[in-house]
Amino acid sequence: EKLNITICGGGNGAHTFAGISSLVKNANVTVVTIFENEAERWAETMGKNGFEVKFKGDKKVTIAPEDVKFKVTKEVKSVIPDSDLVVICVPAYTHNIYMNLISPYLNKNCPIVGMPGQPGFEYEALTILKEHGKTNTIMSIETMPWACRIIKYGECVEVLGTKDEVCYTLVDKLGGGTKVGQSHVEDVMQALLGSKPVLSRMENILKYTFLCRPTIHPPIMYAKWKSWDGLPLETPPLFYQGVDEEAVRYLDGLTEEVTQTAAALDNKFPELGFSGVSTMKEWLIDHYSDQISDKSSLLTCLQTNSAYDGLVHPMTKTSDGKFVPDFQYRYTREDVPYGLIVLRQIASMVEVSTPIIDEIIKWAETKLGTQYLKDGKLCNIDRKSGRLPLTYGITTIEEFFQFFK
Ligand code: NAI
């Protein structure tokens, strides 16, 4: 039986997933992107030149124009009602845009996958669905399965690394069903992704929030740019491989606050199993085992991970060809409002103090133009400014669990 798979988004991840999943025999893949003129550009370029997914090394999947098996469109209304599965593949700050667009047209048996979902996707998606009278199943995948970058829009994407294993959560709140055709949603997703990464279920949504690790980019950005003199640079500095001892101090400090929070949760709710939240170093080794050549410290794990080869700080070019940091890039714009502030609220729910997280949030506020912390307390922000549990009416750990009951 053919399954209608809809991918929402038009960036790096959407390119990679469209190329890979469209080769699966029973998948009828459609990409929906409503951003600017992406749909037209992608469809036109692919129609002329075909599509290619290049894997680091020699392997590549080249699809000639006449063999391309997926469509690209900006039409939501005509595609969504017949979708058997919708996979949202965009930065978290656009999840609400896609959820609001697709919710009116979804059929009730169509699960929605956030790939990645990241902290708070489950309660944001459920809230928007509910506002449209829907209760579709939600699957949230912790991170993008690949490190990937578009080489040529609508035509070629490069996969720099593939994760070995990624976690996901599944919320079937009112028993709407987790099946896509004859199979369960997780089996369909695994078939679409191929053998790697292995999808592994987490029952505990709160614990999953910890494992999403929105904790890597903000401390690296902060350490690099907090004392920046404002002068443009000749070349963009390396991002992961360029970390120094100071960045590692913030990365470790932040991880420590997260593990302290996990320990406090474990203490309070021993039956839920919050123990074993890994450190940043362990997380990197788990996800990139073959690609890290020196596993001796967090610093070397970052500096010698070949999946990070050549990845630089997000920069914009000045008129005279120099570079200044781009603080609107997702490393701050996504990972703070859709990451760190969520962890910050969970920490405060179990009374763990978070001086390092707070220091980074206070810096990010100046770049993002939203106030998240006032007098050491989280402010209630609007939904477009981030995904704080309290914005969705969740103020205690008990309410967090109750939300998904
Ligand atoms: P991307 O940066 O390529 O996404 C940009 C795309 O998002 C645009 O092309 C557009 O289709 C959409 N978009 C942006 N602003 C929009 C707006 N205002 N309205 C509607 N659509 C809009 O993102 P990418 O790389 O595909 O990543 C997606 C998610 O995966 C992010 O959360 C990212 O942090 C995460 N991720 C990505 C990795 C990668 O290597 N690409 C690795 C790990 C995680």
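Which polar backbone atom lies 2.8 Å from an oxygen atom of the ligand? The legends below describe a predicted model, and the first of them takes up this question.

**Figure 1. Close-up of the ligand and the residues around it in the predicted model.** The atom in question belongs to C148, whose polar backbone atom is 2.8 Å from an oxygen atom of the ligand. A polar backbone atom of G10 likewise lies 3.0 Å from an oxygen atom of the ligand, while in R149 it is an N or O atom of the side chain that is found 3.0 Å from a ligand oxygen. On its own the ligand has 830 Å² of accessible area, and the protein covers 84% of this area. Two elements, α1 (12-21) and β9 (146-152), are those that give two or more residues to the shell around the ligand, and β9 provides the largest share, with 4 residues.

**Figure 2. Composition of the shell around the ligand.** There are 23 residues around the ligand, and of these N12, G13, E38, R330 and E334 come nearest. Sorted by class, the shell consists of 10 nonpolar, 8 polar and 5 charged residues.

**Figure 3. The aromatic pair of Y222 and Y250, one view from a structure with 21 aromatic pairs.** The whole structure was searched for such pairs, and 21 were found. Y222 and Y250 form an edge-to-face pair, in which the centres are 5.0 Å apart and the planes make an angle of 80°. This pair links distant parts of the chain, since Y222 belongs to helix α7 (residues 217-225) and Y250 to helix α8 (residues 245-268), with their positions 28 residues apart in sequence. Y222 counts as buried because its relative accessible area is 8%, under the limit of 20%. Y250 is buried as well, with a relative accessible area of 4%. The ring of Y250 also has R249 over its face, at 5.0 Å from the ring centre.

**Figure 4. Further aromatic rings and their partners.** F239 and Y240 form an aromatic pair of the edge-to-face kind, with 4.9 Å from centre to centre and 85° between the planes. Both F239 and Y240 are buried. A cluster held together by ring pairs contains Y123, F269, Y392, F400, F401, F403 and F404. At Y93, the charged end of R333 sits over the ring, 3.8 Å from the ring centre.

**Figure 5. Q241 and P232 in the loop between α7 and α8.** Q241 has its place in this loop, and it counts as buried because its relative accessibility of 17% is under the limit of 20%. The side chain of Q241 is joined to that of D309 by a polar contact of 2.9 Å, and a polar atom of the Q241 side chain lies 3.2 Å from the backbone oxygen of N305. P232 is found in the loop between α7 and α8 too, but P232 counts as partly exposed, at 37% relative accessibility. From C-alpha to C-alpha, P232 and M315 are 9.8 Å apart in space, although 83 residues separate them in sequence.

**Figure 6. Two cis peptide bonds that lead into proline residues.** The peptide bond that joins M115 and P116 is cis, with omega at about 0°, and P116 is situated in the loop between β7 (112-114) and α4 (121-131). A cis peptide bond also runs from K196 to P197, where omega is near -5°; P197 is located in the loop between α5 (185-193) and β14 (198-201).

**Figure 7. Positive phi values at E351 and D375, neither of which is glycine.** For E351, phi is near 55°, and this residue lies in the loop between α12 (336-349) and α13 (355-368). E351 counts as exposed because its relative accessibility of 74% is over the limit of 50%. For D375, phi is near 50°, and the residue has its place in the loop between β17 (373-374) and β18 (377-378). D375 is likewise exposed, with a relative accessibility of 76%.

Definitions and conventions. Residues are numbered from 1 along each chain as its sequence is written. This is a predicted model: local features need pLDDT of at least 70, side-chain atom pairs count only at pLDDT 80 or more; totals for chains, interfaces and linings use all residues. Side-chain values use heavy atoms; hydrogens and water are left out. A residue is near a molecule or strand if one of its heavy atoms lies within 4 Å of it. A polar contact is a pair of N or O atoms within 3.5 Å; within protein, one must be able to donate a hydrogen and the other to accept it, and residues adjacent in sequence count only if both atoms are side-chain atoms. Accessible areas come from the Shrake-Rupley method with a 1.4 Å probe; for residues, only the protein chains shown count as cover. Ala, Val, Leu, Ile, Met, Phe, Trp, Tyr, Cys and Pro count as nonpolar, Asp, Glu, Lys and Arg as charged, and the others, Gly among them, as polar. Rings of Phe, Tyr and Trp (its six-membered ring) pair if their centres lie within 6.5 Å; planes under 30 degrees apart count as stacked, over 60 as edge-to-face and the rest as tilted. Buried means under 20% relative accessible area, exposed over 50%, partly exposed in between (1.4 Å probe, protein chains only). A charge sits over a ring if NZ of Lys or CZ of Arg is within 6 Å of the ring centre and within 35 degrees of the ring normal.
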